[in-house]
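Student: I would like to go through this structure with you, beginning with its pockets and then turning to its salt bridges. Where shall we start?

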Amino acid sequence: MEFRQLQYAIQIAAERNFSRAAEKLHIAQPSLSQQLSKLEKELGVLLFKRSTGSVELTYAGSVFVEKAQRVLDMAEQLRREMEDIAEMRRGRLTVGSLPMTGAHLLPHVLPVYRAAYPDIEIVLVEETTRKLEQLTATGATDVSLLSLPLVEPALDFVPVLVEEILLAVPPDHPLAGQAEAVPIARLKDEPFVLLKKGQGFRAIAHNLCDAAGFSPRVVFESGNIETVQSLVAAGMGIAFVPRMVARPAPSRPSPVYLPLAEKPTRTLVIAYRRGRYLSNAAEAFIATFGRLAPQLEQRS
């Protein structure tokens, strides 16, 4: 059964005449008759009673035409819905983000995206790095804002922002008044406050220490970068922090932020499942981030 045969049967039923139906369908009458006979043979029932000058539906024909019309209506509705999605008149975008990164970047990006595409529903998912990689790899999120390196091999990515990593120390720490950048090797015996396992920035901190020839002595862990900074400000240890969060808090004690001699950075990316079709909504989200990247780097 072919889609066009449904259209032929409906048109014949509407016209009750092969010649007029063929004219409306812009095909030759013999071709129309041939296609109908082929359909009836495939179905094993007679759809129309032919007589001189007229065509009448059989019972089977009435049922067939009614159902065929529903199929065509649903197909047209589907076409229009897909057209709306393609032209960004409707749709849904599920965005994954780390709480730390999302809190500082998404408030600048999402309003711009929403203003350009007001009919796209945005669903935000905040999770740890490892969990977001899994969600993105399985298609549970369309895109996710993550930092390199990625562990999940099924992911591809588009770099969107590079930011400096700073050292946070307590206000009374001996390094707090130092004007020079601090070599990471000098921190070998310091107590560290790190994010919990599963957070991408924890892996970055470990990598920085490993490259300097030591493993960090971890005294406290937290799932929240603000808590990490508060613990540092209270004298509980030191921490690496991305520049975007390195801002004094007026309502509470803050760490002192120092540059590192190695000038380490982290690269933020928008990740998506490799080989997956990216919707127009997802492509537009990536493009929005790209346009705003220079401003975001200045803010960070």
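Tutor: Let us start with residue classes: Ala, Val, Leu, Ile, Met, Phe, Trp, Tyr, Cys and Pro count as nonpolar, Asp, Glu, Lys and Arg as charged, and the others, Gly among them, as polar. Please note that this is a predicted model.

Student: How many residues of each class are in the lining of the largest pocket?

Tutor: The lining has seven nonpolar, two polar and four charged residues.

Student: What volume does the largest pocket have?

Tutor: The volume of the largest pocket is about 160 Å³. Its lining comprises 13 residues, of which Ile85, Arg92, Asp142, Ser279 and Ala281 are the closest to the centre. Two or more lining residues come from each of β3 (91–97) and α9 (280–299).

Student: Changing topic, how many salt bridges are found in the whole structure?

Tutor: The search finds 12. In one of them, Arg202 pairs with Glu221 at 2.9 Å, N to O. This pair links helix α7 (residues 200–211) to strand β8 (residues 217–222), with the partners 19 residues apart.

Student: Is Arg202 buried or exposed?

Tutor: Arg202 is buried, because its relative accessible area is 8% and buried means under 20%. Glu221, at 40%, is partly exposed.

Student: Which residues does the network of salt bridges link?

Tutor: Glu2, Arg4 and Lys38 are linked in that network. Between Glu2 and Lys38, the closest N and O atoms are 3.8 Å apart. Glu2 lies in the segment before α1 (3–15) and Lys38 in helix α3 (residues 29–43), 36 residues apart.

Definitions and conventions:
Residues numbered from 1 in each chain as written. Predicted model: local features only at pLDDT ≥ 70, side-chain atom pairs only at ≥ 80, totals over all residues. Heavy atoms only, no water. 1 Å grid on protein atoms, 1.4 Å probe; cavity = no way out; pocket = protein on both sides within 12 Å on 5 of 7 lines; lining within 4 Å. Points joined across faces, edges and corners; volume = space filled by probe spheres on them. Helix = DSSP H or I, 4+ residues; strand = E, 2+ residues; numbered from the N terminus. Salt bridge = Lys/Arg side-chain N within 4 Å of Asp/Glu carboxyl O. Buried < 20%, exposed > 50% of the residue type's maximum accessible area, 1.4 Å probe, protein only.
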